[in-house]
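Biologist: I would like a close look at one part of this model, the aromatic residues. Please describe how they pair and how they sit relative to the rest of the chain.

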Amino acid sequence: MKGQPIATLAKDGFRDRMRRITQASLKAATMKVTEMHPDSARWYCLHVKKGREFDVENTLAAANVEAYMPREKDSYIRRGKKIDVVQPAVPGYLLVRLVPSPEAFLGVRHQNHVIDFVGGAGGYHIIKDVHVAVFKALFGDGQAPRVATDKSIGQGTEAEIVFGPFTGFRCIVTAVKWCREARASVRIDVQGRPFDIERMPLAHLKKL
């Protein structure tokens, strides 16, 4: 545009190129590709900005990328009235299913409000289909296995996650909230990178 500094025009041009590359790459992560190669498709855990989970889910849905974000209902009292809300069951994370490729990962990672996939230099964390199925049952209408809550788990406890997309990870409990369904805040370490997870059901943890 006439009158704009050359540096600004160059920056805008770079952003446009990156946007086109990202959108082209995102096609490699769509359900069209997973339907063509179902045996190669895998579930991954996407780390996103807290409070932006619904935005990311909607963006991926609009791009025809399979995503799953468990929801749970909550309520609070404001000015004497009960307010019901629906919120992410695991704030800051959602699951995506795609056929792994550099293009697919690039397309998803570069969406607004996406931080990265859970994983590290050795590769992104793959979630087994059976663990996703259990996770969906826990937060949906399916029948999930009932697990007794270990009431000896508290702040500083070392535990293993035994249900959901983080199954198999060891973690440190950073806080526990005792309520109708006890929840814990935990920190996991994935190849040297820490990830904090809020509101992990205490029943998902096994004390080490």
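Modeller: What follows starts with the chain as a whole, goes on to the aromatic pairs, and ends with the nonpolar cores.

The model is predicted. The protein chain has 5 helices and 14 strands, and 39% of its 208 residues are buried. Of the contacts with a separation of 6 or more, 62% are between residues 24 or more positions apart. The accessible surface is about 12,500 Å², and carbon and sulfur atoms account for 51% of that area.

The structure contains 7 aromatic pairs. A pair of aromatic rings is described by the distance of the centres and the angle of the planes. Phenylalanine 105 and phenylalanine 117 are arranged edge-to-face, with 5.2 Å centre to centre and 80° between the planes. This pair joins distant parts of the chain, since phenylalanine 105 belongs to helix H4 (residues 102-109) and phenylalanine 117 to strand S6 (residues 114-117), 12 residues apart. Phenylalanine 105 has a relative accessible area of 13% and phenylalanine 117 one of 0%. Both values are under 20%, so both residues count as buried.

Phenylalanine 105 also pairs with tyrosine 124, again edge-to-face, at 4.9 Å centre to centre and 70° between the planes. Here helix H4 is linked to strand S8 (residues 123-124), which holds tyrosine 124, and the two residues are 19 residues apart. Tyrosine 124 has a relative accessible area of 23%, and because buried requires under 20%, this residue is classed as partly exposed. Tyr44, Phe105, Phe117 and Tyr124 together form one aromatic cluster.

Another ring, that of tyrosine 68, has lysine 136 over its face, at 5.2 Å from the ring centre.

Now the nonpolar cores. The largest has 29 residues, and Phe166, Ile188 and Leu205 have the most contacts inside it. At least two residues of this core come from each of several elements, including strand S1 (42-48), helix H5 (129-139) and strand S13 (193-201). Strand S12 supplies the largest share, 4 residues. Isoleucine 188 touches, among residues more than four places away in sequence, Ile161, Phe166, Phe169, Arg170, Cys171, Arg193, Pro194, Phe195 and Ile197. Apart from the largest core lies another, of 17 residues, and Phe117 is one of them. Val56, Val96 and Val114 are also among its residues. Phenylalanine 117 is thus listed both in this core and in the aromatic cluster.

Conventions: Residues are numbered from 1 along each chain as its sequence is written. This is a predicted model: local features need pLDDT of at least 70, side-chain atom pairs count only at pLDDT 80 or more; totals for chains, interfaces and linings use all residues. Side-chain values use heavy atoms; hydrogens and water are left out. Buried means under 20% relative accessible area, exposed over 50%, partly exposed in between (1.4 Å probe, protein chains only). Contact means heavy atoms within 4.5 Å. Accessible areas come from the Shrake-Rupley method with a 1.4 Å probe; for residues, only the protein chains shown count as cover. A nonpolar core is a set of buried Ala, Val, Leu, Ile, Met, Phe, Trp, Tyr and Cys residues joined through side-chain atoms within 4.5 Å. Rings of Phe, Tyr and Trp (its six-membered ring) pair if their centres lie within 6.5 Å; planes under 30 degrees apart count as stacked, over 60 as edge-to-face and the rest as tilted. A charge sits over a ring if NZ of Lys or CZ of Arg is within 6 Å of the ring centre and within 35 degrees of the ring normal.
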